[in-house]
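Hi,

Here is the structure I promised to pass on to you. Have a look at it first, and then read on for my notes.

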Amino acid sequence: QVQVVESGGGLVQAGGSLRLSCTASGRTFSTYSGGWFRQAPGKEREFVAAITITLSGSSTTYGDSVKGRLTISRDNAKNTVYLQMNSLKPEDTAVYYCAASRLPLRAPSVSDSRAYDYWGQGTQVTVSS
């Protein structure tokens, strides 16, 4: 099995930045998808960003609500996926979850939470106005 742990959340003013980290341990893979989702209390889980690694390269996908403000990247040597968040807005406030898929995902599955196999426990991001 794979264990996934998020870190880097916190309190930030609107317009500020945060970088979230997602590190996997246990059985890891050279081809996969790593995704970020978020969920506010009483709301549905929302797709944020994902990165898919294949034998020939990588690709990234972003949700419409964060496109242009957030950047997903990875460090394969550290089994870590990062989410750099800039120009944060109060509506970005949520618990952010990292997810991993053993299968490299393509659209539209890459933005579907049901396609992911492993999930972290979440890290809180709060953006004040």
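Below is what I found, going from the cores to the rings and then to three loop residues. Keep in mind that this is a predicted model.

Let's start with the inside. In soluble globular proteins, nonpolar side chains tend to be buried together. Here the largest nonpolar core has 26 residues, and the members that touch the most others are Trp36, Val48, Leu83, Met85 and Tyr96. Quite a few strands feed into this core with two or more residues each: strand 1 (2–7), strand 3 (18–26), strand 4 (32–39), strand 5 (46–54), strand 7 (70–75), strand 8 (80–85), strand 9 (94–101) and strand 11 (123–128). There is also a second, separate core of 7 residues, with Phe37, Phe47, Ala99 and Leu105 among them.

Try clicking on Tyr96. If you skip its neighbours within four places in sequence, tyrosine 96 is in contact with Glu6, Leu20, Trp36, Phe37, Arg38, Val48, Leu83, Met85, Gly122, Thr123 and Val125.

Next, the aromatic rings. The count comes to 4 aromatic pairs. How are the rings of phenylalanine 37 and phenylalanine 47 arranged? Their centres are 5.6 Å apart and their planes sit at 65 degrees; planes over 60 degrees apart count as edge-to-face, so this pair is edge-to-face. Phenylalanine 37 belongs to strand 4 and phenylalanine 47 to strand 5, 10 residues apart, and the pair links these distant parts of the chain. Both of these phenylalanines are buried.

Phenylalanine 37 has another partner, tyrosine 116: the ring centres are 5.3 Å apart and the planes are at 80 degrees, so this pair is edge-to-face too. Tyrosine 116 is in the loop between strand 9 and strand 10 (118–119) while phenylalanine 37 is in strand 4, so the pair ties together parts that are 79 residues apart in sequence. Tyrosine 116 is buried, as is phenylalanine 37. Put the ring pairs together and you get a cluster of Phe37, Phe47, Tyr116 and Trp119. On tryptophan 119 you can also find arginine 45, which lies over the face of the ring, at 4.3 Å from the ring centre.

Finally, some loop residues. Are they buried or exposed? Let's take them in turn.

Valine 66 is in the loop between strand 6 (57–62) and strand 7. Its relative accessible area is 0%, and buried means under 20%, so valine 66 is buried. Apart from neighbours within four places in sequence, valine 66 is in contact with Arg38, Val48 and Asp92.

Arginine 69 is in the loop between strand 6 and strand 7. With a relative accessibility of 11%, arginine 69 counts as buried. A polar atom of its side chain lies 3.2 Å from the backbone oxygen of serine 65. Not counting residues up to four places away in sequence, arginine 69 touches Gln84, Met85, Asn86, Ser87, Leu88, Lys89 and Asp92.

Threonine 31 is in the loop between strand 3 and strand 4. Its relative accessibility is 14%, so threonine 31 counts as buried. Leaving out residues up to four places away in sequence, threonine 31 touches Ile53, Thr54, Leu55, Arg102 and Pro104. Arginine 102 also makes a handy marker for distance: its C-alpha atom and that of valine 66 are separated by 25 Å, with their places 36 residues apart along the chain.

Have fun exploring!

Conventions
Residues are numbered from 1 along each chain as its sequence is written. This is a predicted model: local features need pLDDT of at least 70, side-chain atom pairs count only at pLDDT 80 or more; totals for chains, interfaces and linings use all residues. Side-chain values use heavy atoms; hydrogens and water are left out. A nonpolar core is a set of buried Ala, Val, Leu, Ile, Met, Phe, Trp, Tyr and Cys residues joined through side-chain atoms within 4.5 Å. Buried means under 20% relative accessible area, exposed over 50%, partly exposed in between (1.4 Å probe, protein chains only). Helices (H or I, at least four residues) and strands (E, at least two) are DSSP runs, numbered from the N terminus. Contact means heavy atoms within 4.5 Å. Rings of Phe, Tyr and Trp (its six-membered ring) pair if their centres lie within 6.5 Å; planes under 30 degrees apart count as stacked, over 60 as edge-to-face and the rest as tilted. A charge sits over a ring if NZ of Lys or CZ of Arg is within 6 Å of the ring centre and within 35 degrees of the ring normal. A polar contact is a pair of N or O atoms within 3.5 Å; within protein, one must be able to donate a hydrogen and the other to accept it, and residues adjacent in sequence count only if both atoms are side-chain atoms.
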